[in-house]
Amino acid sequence: MGIFLVAVIGVWVLVLGIWFAVNKWFRNADADRMKSRILETEEKKQKKRAPGIPSLIRPEDGEGGNRVAREILKHLDLTKRVATLLEQAGLRWPAARLVQFCLVAAIGGFVVARLFAPIPYLAGQIAVGLVIGIVPVLYVLRQRAARIHKFEEQFPESLEFVARSMRAGHAFSVSLEMIHREFADPLGGEFRRAFDEHNLGMPLDLALLSLAHRVPILDVHFFVSAVLLQKRTGGNLAEILDKLAYVIRERFKLRGKIRAISAHGKMTGIALTCIPIGVAVMMFYANPQYVGFFVEDETGHMMAGAAVTLQIIGYLVIRKIVQIEV
């Protein structure tokens, strides 16, 4: 009787996990439009000048991993996207290796659920395997978010450092190389890579655009746009970078205030999502006959499915309300 309830909870967790993965995978649509407005024109010009320039530092995507994983990525047209995700997370894995980890985790979870866990139904065992299978993706997304957050914390200070270096008489490209010695990873490594690409023959414009694609932060796109615009029209780049650093710091302060204000809404969404799960588990042990209606009766199945669906929709609505982009 409790098997169906466990399967429903497993599917529930699976849907939430997939939604979190998709939410982290795709960037905010408004930010994307702004980034494209900033860099689209320049990218088109650079592609016309030097089309198809590959990265001078990173190996080609899709190398490594077994043939099955590579074919899956190729069939779904996800090789480039997965490689970009791993690169942003700071993990030197081939794209196919992440698929390997997901397949191994999913198969392992299915086998454990079938042999050891009290889940006799095949659907529940498959649901457990799928939930375990997305764990590697969630790990990569967590690493990516932590790396990007650390980059954001270092970025304003690095802009001020470049401005001071240029006032001292250093060239802009030399200032990029000096950042590597003054700042730790990930910021130091990313700017070092941009300098190495430029030093190995890639035009500075393309090196900076490559940096903007590797680090999907709106502030980095503003920085690249400011440098490219100053290169074409002239102006005091050091003053521009100082003002940009000031704006970024103010955005951090505003973001902190918004997070503090919206914390209550986030906790409410989490509580409202967890309470039904806790009540269902307690009712299963306290009064199994009462819960048996949702497990044994066909109408109960429909009611349980509708309740889970509405609960997920409610959580997503609450999260969307309290998620404010600055």
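Is D205 buried, partly exposed or exposed, and what is the relative accessible area of D205?

Hold that thought while we set the ground rules. This is a predicted model, so local features need pLDDT of at least 70, side-chain atom pairs count only at pLDDT 80 or more, and totals for chains, interfaces and linings use all residues. Residues are numbered from 1 along each chain as its sequence is written, and side-chain values use heavy atoms, with hydrogens and water left out.

**Exercise 1. Place D205 and find its salt-bridge partner.**

Step 1: D205 is buried, with a relative accessible area of 8%. Buried means under 20% relative accessible area, exposed means over 50%, and partly exposed is in between (1.4 Å probe, protein chains only).

Step 2: the side chain of D205 meets that of K231 in a salt bridge, 2.9 Å from N to O. A salt bridge here is a side-chain nitrogen of Lys or Arg within 4 Å of a carboxyl oxygen of Asp or Glu.

Step 3: this pair links distant parts of the chain, with K231 in helix α11 and D205 in helix α10, 26 residues apart. Helices (H or I, at least four residues) and strands (E, at least two) are DSSP runs, numbered from the N terminus.

**Exercise 2. Describe the overall build of the protein chain.**

Step 1: count the elements, and you get 14 helices and 0 strands.

Step 2: check the burial. Of the 326 residues in the protein chain, 38% are buried.

Step 3: look at the contacts, meaning heavy atoms within 4.5 Å. Among contacts with a separation of 6 or more, 70% are between residues 24 or more positions apart.

Step 4: add the surface. The accessible surface comes to about 18800 Å², and carbon and sulfur atoms hold 63% of that. Such areas come from the Shrake-Rupley method with a 1.4 Å probe; for residues, only the protein chains shown count as cover.

**Exercise 3. Compare two more salt bridges: E152 with R255, and E177 with R181.**

Step 1: in the E152–R255 bridge, the closest N and O atoms are 3.5 Å apart. E152 sits in helix α7 and R255 in helix α12, 103 residues apart, so the pair links distant parts of the chain.

Step 2: E152 counts as buried because its relative accessibility is 13%, and R255 counts as buried at 15%.

Step 3: E177 and R181 meet at 2.7 Å, N to O. Both lie in helix α8, 4 residues apart, about one turn of the helix. An α-helix has 3.6 residues a turn, so residues three or four places apart point the same way.

Step 4: E177 is buried at 14%, whereas R181 is exposed at 55%.

Step 5: for the total, the structure holds 15 salt bridges.

**Exercise 4. Which residues of helix α8 are buried, and what covers them?**

Step 1: in α8 (residues 172-182), the buried ones are F172, S175, L176, E177, M178 and I179.

Step 2: their cover includes α7 (135-167), α9 (187-199), α10 (204-214), α11 and α12 (237-286).

Step 3: walk on into the loop between α8 and α9, where P186 has its place. A cis peptide bond joins D185 and P186, with omega at about 10°. Most residues other than glycine have a negative phi, and most peptide bonds are trans.

**Exercise 5. Does the span of helix α11 agree or disagree with the expected span?**

Step 1: the expected span is 1.5 Å times one less than the number of residues.

Step 2: for the 16 residues of α11 (residues 218-233) that gives 22 Å, and the end C-alpha atoms are 22 Å apart, so the two agree.

Step 3: just past α11, G234 takes a positive phi of about 85°.

**Exercise 6. Find the nonpolar surface patch and the helix that gives the most to it.**

Step 1: patches take residues with over 30% relative accessible area and no salt bridge; like charges are joined within 9 Å, nonpolar side chains (Val, Leu, Ile, Met, Phe, Trp, Tyr) within 5 Å.

Step 2: V68, L103, I107, V111, V112, L115 and F116 form this patch, with about 690 Å² of accessible area together.

Step 3: helix α5 (residues 95-115) gives the most, with 5 residues. L103 lies in α5 and is partly exposed at 36%.
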